[in-house]
Every structure is written in C-alpha cells, then in structure tokens.
Amino acid sequence: MTDRNADLFERAKTLIPGGVNSPVRAFRAVGGTPRFVQSAQGAHFWDANGQRYIDYIGSWGPMILGHGHPAVLEAVQKAAVDGFSFGAPTEREVELAEAIVELVPSLEMVRLVSSGTEAGMSAIRLARGATGRKKIIKFEGCYHGHADALLVKAGSGLATFGNPTSAGVPPEVVQHTLVLAYNNVAQLEAAFAEHGSDIACLMIEPIAGNMNFVRASVPFMKRCRELCTQHGALLAFDEVMTGFRVALGGAQSVYAKLIPGFEPDMTVMGKVIGGGMPLAAFGGKRAVMEQLAPLGPVYQAGTLSGNPVATACGLATLAQIRQPGFFDALAARTRSLVSGLKAAADAEGLPFCGDSEGGMFGFFLLPELPQHYQAVMKTEGAKFNNLFHGLLDRGVYIAPALYEAGFVSAAHSEQDIAETVAAAREVFRQLVR
Ligand SMILES: *Cc1c(COP(=O)(O)O)cnc(C)c1O
C-alpha cells in the first residue's frame, strides 16, 4: 500500500525546511512520519491515507468547538463573499473588540493582530514605551512567540530540540530579558530587589501550556502582582493559549476567584479568539493602550490586522462559547479524560499524574505534578515517545512532544473519551512490560 503521508513528507522536505511550516509538526522529537491532514470534522481528522484520528491538538488550541462547526462555517463563508481584506476598518473589528472587553474585565482597550507572536512582541514594546524602562521578566519554559527578545528558555519546540535559545539572536538583544524559574518566589523577589526600577513588565503564562501543563501557584501569582504594583512594572498575562480556553474570562478569571481583586495590567490573546483563522490581540488599561500609534509614540501596525474573514470566525466562535453551561460541560469532559487516563495508568502500575482547567489538560508519566520547567524535564522522553506512537497507531493524536498541553473540544463525545482511554490502557500495559 502506498503511504501518502510519507510521499508528501518526502516532497515537502525538498522544498520546506524540515518539511513543515512550524517545527513541532515535524515529529523530530518522537520520530516517524508526520500525518498530512486531509480534512477534519468535529473531534476527528483524517490523514492523507484516509486514516481517522481523535484530535487532541485542535490546531494547538484554537478549535475549541471542534472542526467545521456549522455556525462558524456559515459566518466565514458569508464574510468571504463580502470581501477578504480591505485595509480599512470594519464593523466586525468593533464587535470583536466589544466582545473581548466585555468578557475580560481587566481590558479597557484592545488591538487586533494576526498571530500570538505579533501580539506578545507588540505588548513588550508597548510596556517598554509606556514605562520608559528596558527590562522584562519571563519564566523558564514559558513561550511567548518567537520574537527575538522573548526567545530565551522558551519551552516546547525549543525545549524539544534542547536549544536554550535560537541562533540569530545576538546576546545584546536579550540582555534586558531576565529569565527566572516558574513558581519560585525567592528568585522573583531577588530580581525585583535588584532591578525593580528598570523592569517594564513581567510576562507570564498563568497556566503554562508550553512545558506541558503547569499552573502558577497562588502564592507565586500573588507575589507577581504585588511586586509589579510596588515597583511600577506592568503585569502582562500571556493568555494566547489559556484565553477563552480554560474559562470564558481566561486564566485571569480563574486567579481572580482565588485572589480577591486580582487582575493583570496587560493581556495577550490568540488561538481561540480566531477560531482557527489568523487572529490575535493584546490589550490593557486605556492609559497604556493610548500610547500606541496613531495616538501615542509606540509604533505597531499590520496589513491584515483585524482581517474581516478572521474576525467573522472569531466572533462566531465566541458566540458559541459564551452560551450558558458551555465551559462547565467542556471542563467536565476534559476532567473525564484525565481521570480516565489516570485510572488506566494506575491499573497498569504506571506512574501518572494529570491536571486540567476548562478545555486544556496535561499529563506526566511522573508520580507528582511538576511545578517548574526543570521538574518537567525529568519525564522520561523515550517512554513518552512510545506512548505517543502507541496512541497514534490506535487513532489517537496527541501532541508529538512531551512539552505540550492537550486540548479537548466541545465536539469530543463520551465515546471519543472512552476510545481514547481504552487505547491508552493498551499502550500503558506495553510500557510497563
Ligand atoms: C501559541 C502561543 C504563542 C504564539 O502564538 P502564534 O500564533 O503561534 O504566534 C504565544 N504565547 C503562548 C502562550 C502560546 O501558546
């Protein structure tokens, strides 16, 4: 039988570096041939050989409704007929900004861009411009896109390849980026004690999804907020992954329930707000956002920003996820996956721990949930790779790298979860042998 995935990969490799347009798609960490996706519907996609998979990547987060949701499809088709791009403002940009500001109360203004990388990079420039300071804090294992200043110890794709940073980024460009250990209050306090008056912003993934799934502890998050306030630095939440994914109000709404009055100063969003189309955003308080061009001195722009088809897709997606009970049902389904996997691992005597929030989950072949990147690295890579391929052979597609969170959509049925757990149990049995 011809393997069309393999044929396509061979063709791709002669033309596209590594055969892929984003590194983790290449299966370099786990080995084997990437699956070329032919089509997708609901919780499933089909590869070039016609093989079906239960999809736990969902385009790395955006497909919270599953693939091909009829209302979203209709909105996109209608918008496409009206025009692909104008380079002039549209009503839908206003509607999307209104929806975001309503759903995420810490935001007063927002600017739309086309990718999470662009949003993160622009947020950093704005924070520096608004505070007149140079330094930024980020945490080991957190990924904020591939802008030069943020490409330091950035987890996932980079962690997989064992590069602490990227070639092509001169040391001078990251000299103002302080990289600290996640969930380490003592290091955080020391950094502010030494550099407090120079720090423009602290950027953090509140629930880190680029080193699998690691929550910021409540005492750590509280201290981030206190120290930023005390030293006049902006607390910037990177919610590209968690926004509209872990809860309707994002991870910040989860922390606001645990820390009274809590909110970040700036938020970076992407993935779910575009519903699978290129769309991202950054926002914050009016006084900060008004520093952006054309009102203020901080330049930022984009030919396709607020694209009319992408905003239609985003608006239609948000209209679905804001329906009452949506997140309760999604969170319950996601918890049932993690607890099912846990029970299957326990039954086979395999160390396993998992966690989830809303429609985002992670698990480790470790006895306890890691709290920071160095602990995440203790997971045995070879075991994970066998798990990945065992699941793939059984029609279950999880991220092809140990350092990635997983995503459940509203289209995942009880039966999808049951099939996944049954497949996992078979693979776990082989792993402990
Ligand atoms: C995916 C991601 C980004 C980058 O978004 P792109 O659209 O891939 O550029 C930034 N931050 C976080 C937390 C992400 O998960």
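How many disulfides does a search of the whole structure find? The search finds zero, a disulfide being a pair of cysteine sulfur atoms within 2.5 Å.

Before selecting anything, note that this is a predicted model, in which local features need pLDDT of at least 70, side-chain atom pairs count only at pLDDT 80 or more, and totals for chains, interfaces and linings use all residues. Residues are numbered from 1 along each chain as its sequence is written, and side-chain values use heavy atoms, with hydrogens and water left out.

**Cysteines**

Select Cys142. The nearest cysteine sulfur belongs to Cys224 and is 9.8 Å away, and Cys142 is in no disulfide. Cys142 has 0% relative accessibility and therefore counts as buried (buried means under 20% relative accessible area, exposed over 50%, partly exposed in between, with a 1.4 Å probe and protein chains only).

Next, select Cys353. The closest cysteine sulfur is in Cys142, 18 Å away, which is too far for a bond. Cys353 is also buried, at a relative accessible area of 7%.

**Helices H7 and H8**

Select residues 185-195, helix H7, and residues 218-231, helix H8. Helices (H or I, at least four residues) and strands (E, at least two) are DSSP runs, numbered from the N terminus. H7 and H8 pack at an angle of about 5 degrees, with their axes 10 Å apart; axes are lines fitted to C-alpha atoms, for helices over the stretch in contact, and angles run from 0 to 180 degrees between N-to-C directions. H7 is therefore roughly parallel to H8 (angles under 35 degrees count as roughly parallel, over 145 as roughly antiparallel, 65 to 115 as roughly perpendicular and the rest as oblique). Residues making the contact (heavy atoms within 4.5 Å) include Leu188 and Phe192 of H7 and Phe220 and Leu227 of H8.

**Strand E10 and its partners**

Move to residues 234-239, strand E10, where six of six residues are buried. Leu234, Ala236 and Asp238 point one way, while Leu235, Phe237 and Glu239 point the other way.

Add strand E7, residues 199-204, which pairs with E10 in the parallel sense over four bridges; two strands pair if DSSP finds at least two bridges between them. Met203 stands opposite Ala236. Then add strand E11, residues 266-269, also joined to E10 in the parallel sense by four bridges. Here Val268 is the bridge partner of Asp238.

**Sheet with E1**

Finish at the open sheet of four strands, ordered E1-E2-E3-E15 with mixed pairing. Its edge strands are E1 (37-41) and E15 (396-397). Between E2 (44-47) and E3 (52-55) the pairing is antiparallel, over three bridges, and Trp46 has Arg52 as its bridge partner.
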